[in-house]
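User: I would like a close look at one part of this protein. Please start from a single residue and work outwards.

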Amino acid sequence: MCGIVAYKGPKNCYPILIDGLHRLEYRGYDSAGIACLSDEKITITKRSGKVIQLEHGLKVNGKYENCNGSGIAHTRWATHGKPNQINAHPHKDDSGNIVLVHNGIIENYDPIKKFLKSKKIKFKSETDTEVLVQLIGYFFNKGKLNFEQSVRAALQRVDGAYGIVVLNKKEPDVMIAARKGSPLVLGIKDNEFFIGSDVSPIIKHTQQIIYLEDSQMAVMKSEEYKITSIDKDVSLPKKVEKIDFKIDDYDKGKFKYFMHKEIHEQIHTIRNTITGRAKKDRVYLNGLMEYWTQIKEADKIFITACGTSWHAGLIGKNLIERFAEVPVHVEYASEFRYNKTLVDNKSVVIAISQSGETADTLAAIKKANEYGAITVGVCNVAGSSVARETNCGIFTRCGHEVGVASTKAFTAQVSVLYLLALKLADSNDTINRSSMKAHLDFDDSINKIKSILKKENEIRKVALKYKNAKDFLYLGRGLNFPVALEGALKLKEISYIHAEGYPAAEMKHGPIALVDKDMPNLFIVPKDKTYDKIISNIEEIKSRKGKIIIVTDSRDKILKSLANDLILIPKTNHYMFCQLATIVLQLFAYYIAVGKKLNVDQPRNLAKSVTVE
Ligand code: F6R
């Protein structure tokens with residue numbers, strides 16, 4: 001999704017903003033732009049395509065070295081209007097006084113545009129954003145309101161979601177940021193201010209930050225700043241926090257792609273997630289304790305999320321039902337928010353989100369809160385909207401995830417849900433102490449991740465054989481059905497190969513019609529109670545000449561004889577098998593995409609954090 005970085009301070013803003021834009025690239029975008037306000041002059045440079053092209057443009061035009069003032073910059077992921085230079089941000093108003101960058105969507109742009117056109121205001125782009133900057137300009141240029149009042153007046157008239165930063169050459173010592181529904185972070189350092197749509201462009205400069213809340217505005221004037229409201233001119237408390245993200249999270253280190261780095265990090269991140277929470281035969285989830293009585297006595301548990309996080313939710317359902325014997329309903333957040341719901345004040349709604357900013361998941365939480373449910377966030381970003389909107393939660397603690405295709409966040413979410421299932425089971429007396437102890441003995445299993453990573457070259461060789469496939473089926477049962485869904489999603493996202501995940505036996509009810517000699521079928525086969533059944537499913541595909549790839553912990557000869565390719569993973573417990581199989585499928589998708597020479601970290605059309613509906 002779109003990214004924002006802005007700077008106000010004594011330094012040349014260009015290098016700061018360009019570096020910030022590069023750090024925002026992971027979010028996905030199709031054009032970029034920058035505006036600098038210096039000596040009461042606004043200079044805007046925009047390009048369709050990548051930040052590097054914008055940077056080149058600035059250097060060629062000799063602008064790069066000289067902007068000591070304020071600057072705003074943006075990476076745009078097109079919603080209204082094509083991804084071209086005109087539609088790229090920043091946008092300015094007709095008078096050229098005001099310049100703005102915007103994340104989100106202005107829903108009532110059409111009537112406002114008609115109104116402004118009736119006042120002879122001329123538009124240049126097709127964007128909803130230009131409507132907002134023109135509206136601010138309209139109020140300001142009437143001469144009755146100052147800059148801050150004009151921004152407030154305009155924001156009070158727009159519907160939708162926004163995170164914005166605005167500059168005005170008539171009040172050059174002021175920079176204004178405001179948010180509703182689309183996150184913005186303010187970084188503070190002595191006499192310098194930084195704004196980011198997340199912390200990534202800020203972290204290098206300061207760890208002192210304020211997460212702007214919905215309907216808040218930050219007004220920075222000279223070296224002072226205030227937090228105020230969009231609704232009225234009041235002074236609100238400045239909630240300054242120290243962030244603990246590390247700058248290393250934003251560097252690829254020895255890896256070519258963040259996704260690859262993040263796959264490798266899982267050996268540490270899964271351990272990080274459980275550290276201090278799994279101790280001998282007990283689970284400690286301090287973030288839930290205030291609400292634990294209601295959680296353990298809940299009549300119904302709902303899990304809601306999107307994409308990869310939804311797949312983790314399906315694993316969570318399986319684990320909670322298996323260990324704690326409580327029924328769990330899993331629903332896409334985009335459906336949950338509009339469907340008739342059976343949520344009430346005896347329900348628990350678990351919302352899973354890596355970014356903590358996904359618009360649909362936030363709407364689902366809001367609905368659950370309105371129905372009186374206890375809302376539990378499983379989220380990776382402290383201070384994010386999910387963390388703030390839920391009653392309580394468990395952080396996944398896997399560090400910043402930069403690759404658009406989620407990897408380490410998924411295995412961390414699954415780890416959290418595993419702990420939650422065991423804790424509920426403990427409270428419900430559906431597990432005994434010795435089983436708890438056995439299930440919490442992770443050390444050996446986590447070490448087995450190393451052996452998967454050591455097999456990377458073998459996985460790469462198998463993956464490359466299939467890089468020209470057009471379609472894929474991923475098949476698994478029980479806990480490994482969501483793993484199949486997740487494996488198929490990873491392949492689709494980064495290699496653009498069509499792939500579907502199914503419960504292995506379900507394949508007979510339709511998808512088998514697709515099978516022919518060119519179609520690879522990837523089976524996830526743990527040696528468990530469904531083992532023989534899956535072998536029958538494999539035979540069914542084999543007899544229709546489908547290609548068979550097997551990921552298994554079984555050394556049985558029969559599998560070797562059925563498989564065109566077999567990837568062996570070490571023996572471990574049921575739960576850890578699905579984590580190891582996931583990592584194999586992540587590497588499999590990664591190497592197919594690399595083999596196709598695709599940009600793994602920034603797949604086409606995708607955004608890291610989907611902050612619009
Ligand atoms: C897939 C992926 C997406 C996200 C989804 C939800 O690799 O990353 O499917 O899982 O957009 O995002 P979060 O978890 O941030 O709410």
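Where is the place of Ser-495?

Analyst: Ser-495 is in helix H17. Keep in mind that this is a predicted model.

Start with the residue itself. Its relative accessible area is 0%. The cut-off for buried is under 20%, so Ser-495 counts as buried.

Now look at its contacts. Leave aside residues up to four places away in sequence, and Ser-495 touches Ile-592, Ala-593, Lys-596 and Leu-598. There is also a link to Leu-491: a polar atom in the side chain of Ser-495 lies 2.6 Å from the backbone oxygen of Leu-491. A general point about helices helps here. An α-helix has 3.6 residues a turn, so residues three or four places apart point the same way.

For a sense of scale, take Pro-327. Ser-495 and Pro-327 are 168 residues apart in sequence. In space, the distance between their C-alpha atoms is 36 Å.

Next, follow the helix to the ligand. Helix H17 (480-495) supplies at least two residues of the shell around the ligand, and so does helix H9 (307-324). The ligand has 14 residues around it. Those that come nearest are Ser-309, Ser-353, Gln-354, Ser-355 and Thr-358. By type, the shell divides into 4 nonpolar, 8 polar and 2 charged residues.

Several polar pairs can be picked out. In the side chain of Ser-353, an N or O atom is 2.6 Å from an oxygen atom of the ligand. Ser-355 also has a side-chain N or O atom 2.6 Å from a ligand oxygen. Val-404 uses its backbone: a polar atom there is 3.4 Å from an oxygen atom of the ligand. On its own, the ligand has 400 Å² of accessible area, and the protein covers 91% of that.

Step back to the domains. The domain assignment gives domain 1 (2-248), domain 2 (252-441) and domain 3 (451-599). The ligand's shell draws at least three residues from each of domain 2 and domain 3. The centres of these two domains, taken over C-alpha atoms, are 26 Å apart. In the contact between them, 24 residues of domain 2 meet 25 residues of domain 3.

Finally, compare Ser-495 with another helix. Helix H5 (residues 147-155) is largely enclosed by the rest of the structure, because 8 of its 9 residues are buried. Among them are Phe-147, Val-151 and Leu-155. The buried residues of H5 pack against helix H4 (128-141) and several strands, including E6 (98-106) and E7 (160-168). At the start of H5, a side-chain oxygen of Asn-146 comes within 3.2 Å of the backbone nitrogen of Glu-148.

Loops offer a contrast. Asp-39 is found in the loop between strand E2 (31-38) and strand E3 (41-48). At 76% relative accessibility, Asp-39 counts as exposed. Its phi is positive, about 50°, although Asp-39 is not a glycine. Asp-190 lies in the loop between strand E9 (185-189) and strand E10 (192-196). Asp-190 is exposed too, at 70% relative accessibility. Its phi is positive as well, near 45°. Most residues other than glycine have a negative phi.

To sum up the starting point: Ser-495 is a buried residue in helix H17, and that helix helps to form the ligand's shell.

Definitions and conventions: Residues numbered from 1 in each chain as written. Predicted model: local features only at pLDDT ≥ 70, side-chain atom pairs only at ≥ 80, totals over all residues. Heavy atoms only, no water. Buried < 20%, exposed > 50% of the residue type's maximum accessible area, 1.4 Å probe, protein only. Helix = DSSP H or I, 4+ residues; strand = E, 2+ residues; numbered from the N terminus. Contact = heavy atoms within 4.5 Å. Polar contact = N/O pair within 3.5 Å; in protein donor to acceptor, adjacent residues only side chain to side chain. Near = heavy atom within 4 Å. Areas by Shrake-Rupley, 256 points an atom, 1.4 Å probe, with all protein chains shown as cover. Nonpolar A, V, L, I, M, F, W, Y, C, P; charged D, E, K, R; others polar. Domains from an automatic or database assignment.
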